[in-house]
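Here is a short briefing on one protein chain. Please keep the sequence and the structure in view while reading.

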Amino acid sequence: MAASTAATATFAAAKLLASSSPKLKQPFSLLSPHKKPTTLFSSSFAAAPLRRPQPLRFSTLPKISAIISVGDKLPDATLSYFDSSDELKTISVSELTSNKKTILFAVPGAFTPTCSQKHLPGFVEKAAEFKAKGVDAIACISVNDAFVMKAWKENLKVGDEVLLLSDGNGDFTRAIGCELDLSDKPVGLGVRSRRYAMYVEDGVVKILNLEEGGAFNVSSAEDMLKAI
């Protein structure tokens, strides 16, 4: 009798262990550092390759803003340059733009690649076309001293087509909100001007093509000719 009872109990315990073991294995597998947990979806996506998240793309360009904008009167400031007699001269923004149609464009730095190879040469080459559209003066502004601007002009063999002006202390650049901080760059440019081109009539901004940082996408001579 006792033997029969013991055999029955042993059989019942074995049956219970066998029926419950598949359920007991799953929680332990979740704790194992060598196994990945299984889910209801694991079989569906087992063959699917992993995809890296893609960056968001927008259909419109980011808005670039400055203190100055179309319709504003330019703040006055004093800029410097060396004339053909090698004398240091100054000119105010109001002198440069009052009762005139003027193109002002700025570069991050004299002798830098894009400025020397594309931006300034483009306005020199298109100077006659701007004159034909009634433009009285074209000036290039940079936060460099007048000696550097003079050397840059001579290096590129620029004549009277474009006036190279020094905003050495960055007064005009700050006044229109176009500072570009390049202090973190290894070449040590410090605070310069963002690249831009503007068309000004009697001191009022009519067209402003402002670049993001030192980019060169919308401020070329060709861009301005199309816009005027």
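The points below go from the whole chain to its cores, then to single residues.

The model is predicted. The chain has 228 residues, and 35% of them count as buried. Its secondary structure comes to eight helices and nine strands.

**Overall build**

- Among contacts with a separation of 6 or more, 61% join residues 24 or more positions apart.
- The accessible surface is about 14500 Å². Carbon and sulfur atoms make up 58% of that surface.

**Nonpolar cores**

- In soluble globular proteins, nonpolar side chains tend to be buried together.
- The largest nonpolar core here has 23 residues. F105, F123, F130, I138, W152 and V162 touch the most other members.
- Seven elements each supply at least two residues of this core: strand 3 (101–107), helix 4 (113–125), helix 5 (127–132), strand 4 (137–142), helix 6, strand 8 (196–201) and helix 8 (221–227).
- Another core, of 21 residues, lies apart from the largest one. Its members include I91, V93, A139 and L165.
- Beyond its neighbours within four places in sequence, V162 is in contact with F105, L120, F123, V124, I138, A139 and C140.

**Aromatic pairs**

- The chain has three aromatic pairs.
- F82 and F147 form a tilted pair, because their ring planes stand at 55° and their centres are 5.0 Å apart.
- This pair links distant parts of the chain. F82 sits in strand 1 (residues 78–82) and F147 in helix 6 (residues 146–156), 65 residues apart.
- The two partners differ in exposure: F82 is buried, with a relative accessible area of 15%, whereas F147 is exposed, at 59%.
- F123 and F130 are a stacked pair, because their planes meet at 15° with ring centres 5.6 Å apart.
- F123 is buried at 0% relative accessibility. F130 is also buried, at 0%.
- F105, F123 and F130 form one aromatic cluster.

**Helix 6**

- Which residues of helix 6 are buried? They are A146, M149 and W152.
- These buried residues line one face of the helix, because they fall within an arc of 120° seen down its axis.
- An α-helix has 3.6 residues a turn, so residues three or four places apart point the same way.
- The cover over the buried residues of helix 6 includes strand 1, strand 2 (88–92), strand 3, helix 4, strand 4 and strand 5 (163–166).
- A146 has a relative accessible area of 7%, so A146 counts as buried.
- Outside its neighbours within four places in sequence, A146 contacts S80, Y81, F82, L88 and S166.
- A146 and K89 are 57 residues apart in sequence. Their C-alpha atoms are 9.3 Å apart in space.

**The annotated position, C115**

- UniProt lists C115 for "active site", in an unreviewed entry.
- C115 lies in helix 4.
- Is C115 buried or exposed? C115 counts as buried, at 1% relative accessibility.
- Not counting residues up to four places away in sequence, C115 touches V107, P108, G109, L120, P121, W152 and R195.
- Two of these contacts can be placed further: W152 is one of the buried residues of helix 6, and L120 is also in contact with V162.

**T97 in helix 3**

- T97 belongs to helix 3 (residues 93–97).
- T97 is buried, with 2% relative accessibility.
- Leaving out residues up to four places away in sequence, T97 touches L74, T102, L104, V200, D202 and G203.

**Positive phi outside glycine**

- D86 is not a glycine, yet its phi is positive, at about 70°.
- D86 is found in the loop between strand 1 and strand 2.
- D86 is partly exposed, because its relative accessible area is 47%.
- K157 likewise has a positive phi, near 55°, and is a residue other than glycine.
- K157 is found in the loop between helix 6 and strand 5.
- K157 counts as exposed, at 72% relative accessibility.

Conventions
Residues are numbered from 1 along each chain as its sequence is written. This is a predicted model: local features need pLDDT of at least 70, side-chain atom pairs count only at pLDDT 80 or more; totals for chains, interfaces and linings use all residues. Side-chain values use heavy atoms; hydrogens and water are left out. Helices (H or I, at least four residues) and strands (E, at least two) are DSSP runs, numbered from the N terminus. Buried means under 20% relative accessible area, exposed over 50%, partly exposed in between (1.4 Å probe, protein chains only). Contact means heavy atoms within 4.5 Å. Accessible areas come from the Shrake-Rupley method with a 1.4 Å probe; for residues, only the protein chains shown count as cover. Rings of Phe, Tyr and Trp (its six-membered ring) pair if their centres lie within 6.5 Å; planes under 30 degrees apart count as stacked, over 60 as edge-to-face and the rest as tilted. A nonpolar core is a set of buried Ala, Val, Leu, Ile, Met, Phe, Trp, Tyr and Cys residues joined through side-chain atoms within 4.5 Å. UniProt positions are given in the numbering used here, feature names are shortened, and annotations may be inferred rather than shown by experiment. The arc is that of the directions from the helix axis to the C-beta atoms.
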